[in-house]
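Hi,

Here is the structure I said I'd pass on to you. Have a look at it first, and then read on for what turned up in it.

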Amino acid sequence: MTRRNTLIDTFLTRTNQGMDAFEESVTRTHPARIVYLAAGAALVVAATTRSTALTKLTKPVLMPLLVADVLFPDATVARQRRLKPRGPAWKKVLGGRTIRPGTRTAEADNLVLAAGLIAGWLGDLKLMNEDSRSADPQVRAKNLNQGAAAFALNHAAYIHLLRTRGARADAVASRIRAAAVAGGAALTAARVPKALPAALGYGTILATTSAMGDAERPHISHGGNLFVISDGLILTRLTLLRNALAPSAPAVAKVIDGALDGAVMATYIIAQMLLVDGLRK
C-alpha cells in the first residue's frame, strides 16, 4: 500500500470516527443537551443574519447548559440505565486510568471542566457585545483580544485535563499546528496587527489543546480541530473581510461575511460539545 493510500485510509477512518462521535453527542438525551442543540441552531441563524436580538437570547445560555450537563449528568434516565454498574468489579477506563464514578478524582476533574466552560461563557459574553460587530476592524480586534483572554482560561482547563489523562502532543501534530498559528499570525500582522495577541497568544494555547487531543478519543480530537477551524474563520473574517461590516461594503461581501460568521458559530458549538463529552467523567 502506498503512502498516499495510507493517508487517505487514515483520513476516512478518522472522519468516520468523528461522525460517530458527533452522532453520539447529538443524540444524548440529557435535557440540557436538547436545549443546547436548539439554542445552538438558533445562534447559527442569528450569526448568519446578524440578528443581535436572537444572538443575545441564545449565546449566553450555551455554556451554562454544558455546565449543567457536566455537573448533573443523572438527569438523563436513559444514560443512567446505560451506565448502571454491573457487579463490584464494574469500572470505567479513561485515558489509561481507572476511574470509578463518584470518586473524588472524577468529581474534581468535572469541576475543572465546568470552570473552563464558565471561562468560555465569559468569552462568549465579551464577543457578543456591540464592539464585536463594529464597522471598525481595530475596535473588533481589541474586543477579540479581550474575549480570547477568557477562552485561553477555557483551554487551560482542557489542557490540564488532557495532561492528567496522559495525553501528550507528538512532534508531527505540534509542527502542523505551529505552522497554522504562524500563518494566522503573519496574516494578522499584515492586515490587523492589533489582533496579534489573540492570533499568536491565544492561538498557541488553542493549538496545544488540538495537538494534545489529536491521539485521544474522537470526541476530543475532532472537538479540538473544530475549535481551531472556528477561530481560524474568525481571523479570516477580521483580516480578509475586515471592512465587510461597514455600511458601504458590497452586498456580496456582507453575504460572505454572514455565512462565515454562521460557520464560526456552528463549528464552535460542535467543538465545545465534543470536547465536553470527551473530557467528562
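Let's start with the inside. The largest nonpolar core has 51 residues, and the ones that touch the most other members are Tyr36, Leu117 and Phe227. Quite a few helices feed into this core: H2, H3, H5 (104-126), H6, H8, H9 and H10 each give at least two residues. H10 has the largest share, with eleven residues. Before you read too much into any of this, do keep in mind that the model is predicted.

Leu117 is a good place to zoom in. Which residues does Leu117 contact, once its neighbours within four places in sequence are left aside? You'll find Met63, Leu66, Val67 and Val70 there, along with Asn154, Tyr158, Gln272 and Val276.

While you're looking at H3, click on Thr58, which sits in that helix. Is Thr58 buried or exposed? Its relative accessible area is 5%, and buried means under 20%, so Thr58 counts as buried. The side chain of Thr58 comes to 2.8 Å from the backbone oxygen of Leu54. Apart from residues up to four places away in sequence, Thr58 touches Ala39, Ala42 and Leu43.

Next, the loop between H2 and H3, where you'll come across Arg50. This residue isn't a glycine, yet Arg50 has a positive phi of about 55 degrees. As for how much of Arg50 is accessible, the relative value is 27%, so Arg50 counts as partly exposed.

Now for the pockets. The largest one holds about 770 Å³ of space. Its lining is made up of 42 residues, and Leu144, Ser230, Asp231, Ile234 and Leu235 are the ones nearest the centre. Where does the lining come from? Helices H2 (31-49), H3 (52-71), H6 (137-164), H7 (171-191), H8 (196-212), H9 (218-240) and H10 (251-279) each supply at least two residues of it. H9 provides the largest share, nine residues. If you colour the lining of the largest pocket by class, you should get 25 nonpolar, eight polar and nine charged residues.

The second largest pocket has about 650 Å³ of space. Here the lining has 21 residues, with Arg14, Arg177, Asp214, His222 and Asn225 nearest the centre of this pocket. Two or more lining residues come from each of helix H1 (3-26), H7, H9 and H10. What is the largest share of this second lining, and which helix does it come from? It is six residues, and they come from H1. By class, the second largest pocket is lined by twelve nonpolar, five polar and four charged residues.

One last stop, also in H1: Gln17 is found in that helix. With a relative accessibility of 35%, Gln17 counts as partly exposed. Try picking Gln17 together with Arg217: they are 200 residues apart in sequence, while their C-alpha atoms are 8.9 Å apart in space.

If you'd like a route through the structure, begin at Leu117, one of the residues that touch the most other members of the largest nonpolar core. From there go to Thr58 in H3, then to Arg50 in the loop between H2 and H3. After that, turn to the two pockets, and finish at Gln17 in H1.

Cheers

Definitions and conventions. Residues are numbered from 1 along each chain as its sequence is written. This is a predicted model: local features need pLDDT of at least 70, side-chain atom pairs count only at pLDDT 80 or more; totals for chains, interfaces and linings use all residues. Side-chain values use heavy atoms; hydrogens and water are left out. On a 1 Å grid over the protein atoms alone, a cavity is a set of points where a 1.4 Å probe fits but cannot get out, and a pocket is an open set with protein on both sides within 12 Å along at least five of seven lines; lining residues have an atom within 4 Å of a point. Grid points are joined across faces, edges and corners, and a volume is the space filled by probe spheres set on the points. Helices (H or I, at least four residues) and strands (E, at least two) are DSSP runs, numbered from the N terminus. Ala, Val, Leu, Ile, Met, Phe, Trp, Tyr, Cys and Pro count as nonpolar, Asp, Glu, Lys and Arg as charged, and the others, Gly among them, as polar. Buried means under 20% relative accessible area, exposed over 50%, partly exposed in between (1.4 Å probe, protein chains only). A nonpolar core is a set of buried Ala, Val, Leu, Ile, Met, Phe, Trp, Tyr and Cys residues joined through side-chain atoms within 4.5 Å. Contact means heavy atoms within 4.5 Å. A polar contact is a pair of N or O atoms within 3.5 Å; within protein, one must be able to donate a hydrogen and the other to accept it, and residues adjacent in sequence count only if both atoms are side-chain atoms.
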